[in-house]
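Work through the exercises below with the structure open beside you. Try each task before you read its solution.

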Amino acid sequence: MTVQGGWLLNGKKRWIGGAITAHVVLVWARNEKTNNINGFLVDTNTPGYSTTKIENKFTLRIVQNANIILENCFVPEENRFPTEGFGATTKSLQSSRAMIAFGCTGLLLGAYERAVTYCTKRHQFNKPLVSFQLVQEKLMRVLASVQSTMLTSLHIAKLMDCDEAEMKQIALAKATCSRLCREGASLCREVCGGNGVVADYGVIISMLDAEGMYTYEGTYDINTLISARSIFGVNAIR
């Protein structure tokens with residue numbers, strides 16, 4: 001709401017990366033009068049702004065996520081973005097969702113390489129695991145997914161370089177790459193057997209990180225529906 005000299009922000013948001021250490025955060029808030037979205041730069045030392053770290057997270061542990069709470073947090077008018085509407089966030093969402101598609105490609109490739117290394121060195125019945133049919137089939141399935149995510153990411157990157165990428169394309173790329181990454185990382189853990197759940201071999205870490213990639217910056221389902229809305233002209237998001 002507007003007050004003399006600026007704005008009072010109220011609300012809560014969960015799963016904000018880097019919120020614990022940030023000095024300034026970008027907050028998107030809905031204007032009660034116009035119902036439009038406004039962007040604000042908020043100094044984290046401002047009274048009414050507080051954070052609590054999310055503990056016991058098992059995915060993407062390098063990222064420190066937190067809950068943000070705004071209680072009558074005053075923001076001066078000069079800290080408000082001049083443009084209004086959710087469209088102002090589109091470029092940011094496009095970049096972040098594309099970034100996850102690219103990240104899923106690297107994550108899956110790393111899991112595949114670790115699984116191949118393990119299955120080459122590990123022997124059963126005097127043969128390396130990689131010599132067994134079922135292991136080869138699963139590893140080839142993962143490799144096919146690696147190639148698919150690489151080609152999808154490359155295509156999206158080229159479109160973005162030409163400023164021709166649209167949200168429907170990026171959302172579908174994020175959804176598809178994260179799904180293939182999640183499925184592939186699980187297969188990599190599977191071919192490593194019992195040792196696959198030991199952090200020393202890395203594949204379980206990749207599998208858990210893939211769960212985070214599948215979920216954040218819009219879940220698989222939401223990104224699929226965003227793309228479908230543009231393709232079919234029917235909004236199935238309720």
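The exercises cover a pocket, the cysteines and some salt bridges in this predicted model.

**Exercise 1. The largest pocket**

Task: Find which residues lie nearest the centre of the largest pocket, and find what the pocket lies between.

Solution:
- Start with the space. The largest pocket holds about 1,800 Å³.
- Next, take the lining. It is made up of 46 residues. K13, I16, W28, L93 and E217 lie nearest the centre.
- Sort the lining by type. There are 23 nonpolar, 14 polar and 9 charged residues.
- Trace the lining to its elements. Those that supply at least two residues each include β3 (24-30), β4 (37-43), α1 (90-121) and α5 (220-232). The most comes from β2, with 11 residues.
- Now place the pocket. Domain 1 (2-84) gives residues to the lining, and so does domain 2 (86-232), so the pocket lies between them.

**Exercise 2. The cysteines**

Task: Determine how many disulfides the model has, using a cut-off of 2.5 Å between cysteine sulfur atoms.

Solution:
- Recall the bond. A disulfide joins the sulfur atoms of two cysteines covalently.
- Apply the cut-off. The count comes to 0 disulfides.
- Check C104. Its nearest cysteine sulfur belongs to C181 and is 4.3 Å away, and C104 is in no disulfide.
- Check C192. The closest cysteine sulfur is in C119, at 5.0 Å, which is too far for a bond.
- Look at exposure. Buried means under 20% relative accessible area. C104 has 0%, so C104 is buried. C192 has 2%, so C192 is buried as well.

**Exercise 3. Salt bridges**

Task: The structure holds 7 salt bridges. For K91 and E137, name the partner and say where each pair lies.

Solution:
- Take K91. Its partner is D163, with the closest N and O atoms 3.1 Å apart.
- Locate this pair. K91 lies in helix α1, and D163 lies in the loop between α2 (133-161) and α3 (167-191). The pair therefore ties together parts that are 72 residues apart in sequence. K91 and D163 are both exposed.
- Take E137. Its partner is R141, and the closest N and O atoms are 3.1 Å apart.
- Locate this pair too. E137 and R141 both lie in helix α2. They are 4 residues apart, about one turn of the helix.
- Judge their exposure. Partly exposed runs between 20% and 50%. E137 is at 39% relative accessibility, so E137 counts as partly exposed. R141 is at 41%, so R141 counts as partly exposed.

Conventions:
Residues are numbered from 1 along each chain as its sequence is written. This is a predicted model: local features need pLDDT of at least 70, side-chain atom pairs count only at pLDDT 80 or more; totals for chains, interfaces and linings use all residues. Side-chain values use heavy atoms; hydrogens and water are left out. On a 1 Å grid over the protein atoms alone, a cavity is a set of points where a 1.4 Å probe fits but cannot get out, and a pocket is an open set with protein on both sides within 12 Å along at least five of seven lines; lining residues have an atom within 4 Å of a point. Grid points are joined across faces, edges and corners, and a volume is the space filled by probe spheres set on the points. Ala, Val, Leu, Ile, Met, Phe, Trp, Tyr, Cys and Pro count as nonpolar, Asp, Glu, Lys and Arg as charged, and the others, Gly among them, as polar. Domain bounds come from an automatic or database domain assignment. Buried means under 20% relative accessible area, exposed over 50%, partly exposed in between (1.4 Å probe, protein chains only). A salt bridge is a side-chain nitrogen of Lys or Arg within 4 Å of a carboxyl oxygen of Asp or Glu.
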